[in-house]
Amino acid sequence: MVRMLRSYAAGAWYESSDAGVELPDASTGQPVARISSTGLDVAGMLEYARRVGGSALADLTFTQRAAILKQLALYLNERREDRYYPLSACTGATRFDSMFDVDGGIGVLFAYSSRGRRELPDDVVFCDGPPEIQSKDGTFVAQHIYTSRRGVGVFIDAFNFPVWGMLEKFAPAFIAGLPVIVKPASATAYVTEAVFADMIESGLLPEGSVQLICGSVGDLFENLTGQDAVAFTGSADTAARLRSHPTVLANSVRFTAEADSLNCSILGPDVAPGSAEFDLYIREIYREMTVKAGQKCTAIRRALVPTDRVDDVLAALRERLAKVVIGDPRAEGITMGALASLAQRDEVQRALKRLSDVADVAIGGDPPDGTGAFFPPTVLLARDPQADVVHSVEAFGPVTTVIAYRDVPDAIRLAALGGGSLAGSLVSRDPDVVRDVLRGVAPYHGRLLVLNGDDAKSSTGHGSPTPMLVHGGPGRAGGGEELGGIRGVAHFMQRTAIQGPPEMVAAVAGRWVAGAPHLSDGVHPFRKYLEELRIGDTLVTEPRTVTLEDIERFADLSGDHFYAHMDAEAAAANPLFGARVAHGYFLVSAAAGLFVDPDPGPVLANYGLDNLRFLTPVYPGDTLTVTMTCKEKKARQTEDYGEVRWDLQIAQQDGNTVATYDVLTLVAKSPE
Ligand code: NAP
């Protein structure tokens, strides 16, 4: 008997002792592994995740978790060739398909590591937006913050992305501080298990932060609480069943779903046969049909084509698809592998039969008999473009339906009949067409791609979700949202509005808030190393009076001779100024002249300004004072320095604020 896949529960590997279910190789039918979770203590896993995993993660800051993700990505990267690709080939995947899944998944770890280190504080709480001032005197403020939930992330994945599916959910959840339980789809779970085993083997992940269920989830759903989150990827039927589970409903368990999606790609009315854009359209459909044998949730299922281009599109697809070589992906020269299982082949055949009631098979059709789950690239032509079946039945394989449209409004209507999709694309060179179509179809989509000769080389393509962009879609696509950079981290956290006096809100948020105390110990803040700086450390500078000569010298130096600074008569007619005013950039420069401590010291560099606003005009004779306050600081894990954000206020002699902004600096860590 082939080996039984193992689950990983409460810090130990678990192997069921029953026969389980055999998982065959998609191309040869030979058994690869068996799967069963009989006897697994799933309720115990939830308890262990909350108690052990949750508290271990709580001891790490966002930047520490992000640094671990990078180490993990490097560790897994080294094992792709020997361990993951051969197993991936058993799922019917070609080498390119395997890279899409395996490298794509590892790429998400790298991407989240980098974003987490750059964009999140070295803390366990992060702020959502600026503070809200809630009283006129500034003694009552509010700040939205994100904290880690005290629950478990339950990740249920589809069979088509055994690696990416796990890692695209794990990466943001790990940074969010949420321990997770992964449940891969049975058919391809042997690939997930191998990668997961290496994640444990690496020793990089805190105890209890990840667990694995190979097989069914048992009574997991009965034991979910309001702090838990389920992230599901799979069919709309299973999503509907799980999201309406009585415990999910009773405890308001967070539930997000990525489900079926009849994604469309639209050929713009401006694109003529023979043009570069026409070829791009054909190439994109070909690619989406053949990569992973069309088993991609984002693949093009509906090709919307102007009525008078239908014959040309079919002819070009016939020519292109004739070159596809289907077979065991381990064999030389194969360009498209098998579907993941015979069950999946039968499923696609059933969907094709339903589609053929309203559409003619123009290319491909029936799969060959035999042990392999092979299916030919198949193109249908809808007899009635409005027929419900072509917009609602998903054949999850190398199948697409060409649908004719009359004009742009008709194309938008037809696209919307999909009831909500993950991804859509439009091939066009006409900005008016692009504007009308994308604005028209955006409410029905999670992601939209415009493709033409200008981005053909650099585009990631219709069907590639990327870590920094949201993945998800409304309606039929599940109504969920994943990824999207730090948005994806926030999905796994709790957002809370904290109200109170500024000092208290600042203490919770880990960021200085206007109205909180200004601290001073007589030492210039630029003389302090990162560790010595306190949030709230403040410098109030000496005053400086602005003169007409300052304005003229700055104009000469910078070359900025805008009339409001240089021409008294014209400036007098300006409705905002009424007289010559100082350059805003002069004020920023003069402020630096006031607050900078010039000698070498802990401050290494200024790397930018954020949120600069000029609020009150400054006239010759006005006297300025700068208040600089340490707002936020963050150590870089791998460097001898960190980042410090300073709140800057430039005020006039009467106390009016002239300008406000954040100054961003790099400050050395203490050499001791
Ligand atoms: P599925 O049958 O719904 O299964 C999806 C996952 O749910 C599998 O892990 C499955 O485990 C699990 N599952 C099934 N019943 C369950 C239950 N009662 N309790 C807990 N878990 C349960 O879908 P599939 O056939 O594997 O996947 C194909 C579908 O996924 C396609 O329709 C495709 O569009 C969709 N998909 C969507 C995306 C996306 O991002 N939107 C990505 C990929 C795929 P078992 O395998 O052990 O049954």
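Helices (H or I, at least four residues) and strands (E, at least two) are taken here as DSSP runs, counted off from the N terminus. With that in hand, Thr496 is easy to place: look for it in strand 21, which covers residues 493–500. Keep in mind as you go that this is a predicted model.

Let's stay with Thr496 for a moment. Its relative accessible area is 32%, so it falls in the partly exposed class, which runs between 20% and 50%. Now step 15 residues along the chain to Glu481: the C-alpha atoms of Thr496 and Glu481 sit 20 Å apart.

Zoom out to the whole chain. It has 672 residues, and 54% of them are buried. The secondary structure adds up to 20 helices and 27 strands. Measure the C-alpha trace along its principal axes and you get a span of about 90 × 60 × 45 Å.

For an example of a buried residue, go to Ser88, in helix 3 (residues 80–90). Why does Ser88 count as buried? Because its relative accessibility is 3%, and the cut-off for buried is under 20%. The side chain of Ser88 also has a partner: a polar contact of 2.7 Å links it to the side chain of Ser98.

Next, the ligand. There are 25 residues around it, and the ones that come nearest are Asp157, Ser186, Ser235, Thr238 and Glu394. By class, this shell splits into 12 nonpolar, seven polar and six charged residues. Which element gives the largest share of the shell? That's helix 7, with three residues. Strand 10 (229–233) and helix 7 (236–243) each put in at least two residues.

Some atom pairs are worth picking out around the ligand. The side chain of Lys183 has an N or O atom 2.9 Å from an oxygen atom of the ligand. His471 also has a side-chain N or O atom 2.9 Å from a ligand oxygen atom. At Ala259 the backbone is involved: one of its N or O atoms lies 3.2 Å from a nitrogen atom of the ligand. On its own the ligand has 900 Å² of accessible area, and the protein covers 80% of that.

That leaves the empty spaces. Rolling a probe the size of a water molecule over the atoms shows where such space is left. How many cavities of 30 Å³ or more turn up in the whole structure? The search finds three.

The largest cavity holds about 70 Å³ of space. Its lining includes Thr91, Gly92, Ala93 and Asp97, along with Phe159, Asn160 and Pro162. Thr188, Lys292, Gln295, Ala338 and Ala340 are also part of that lining. Sorted by class, the lining of the largest cavity has five nonpolar, five polar and two charged residues.

The second largest cavity has a volume of about 50 Å³. Strand 16 (residues 399–405) gives the largest share of its lining, three residues. Among the lining residues of this cavity are Val399, Thr400 and Thr401, as well as Leu262, Arg301 and Leu355. Here the classes come out as six nonpolar, two polar and two charged. One name should ring a bell: Glu394 lines the second largest cavity, and Glu394 is also among the residues that come nearest to the ligand.

Definitions and conventions. Residues are numbered from 1 along each chain as its sequence is written. Side-chain values use heavy atoms; hydrogens and water are left out. A residue is near a molecule or strand if one of its heavy atoms lies within 4 Å of it. A polar contact is a pair of N or O atoms within 3.5 Å; within protein, one must be able to donate a hydrogen and the other to accept it, and residues adjacent in sequence count only if both atoms are side-chain atoms. Accessible areas come from the Shrake-Rupley method with a 1.4 Å probe; for residues, only the protein chains shown count as cover. Ala, Val, Leu, Ile, Met, Phe, Trp, Tyr, Cys and Pro count as nonpolar, Asp, Glu, Lys and Arg as charged, and the others, Gly among them, as polar. On a 1 Å grid over the protein atoms alone, a cavity is a set of points where a 1.4 Å probe fits but cannot get out, and a pocket is an open set with protein on both sides within 12 Å along at least five of seven lines; lining residues have an atom within 4 Å of a point. Grid points are joined across faces, edges and corners, and a volume is the space filled by probe spheres set on the points. Buried means under 20% relative accessible area, exposed over 50%, partly exposed in between (1.4 Å probe, protein chains only).
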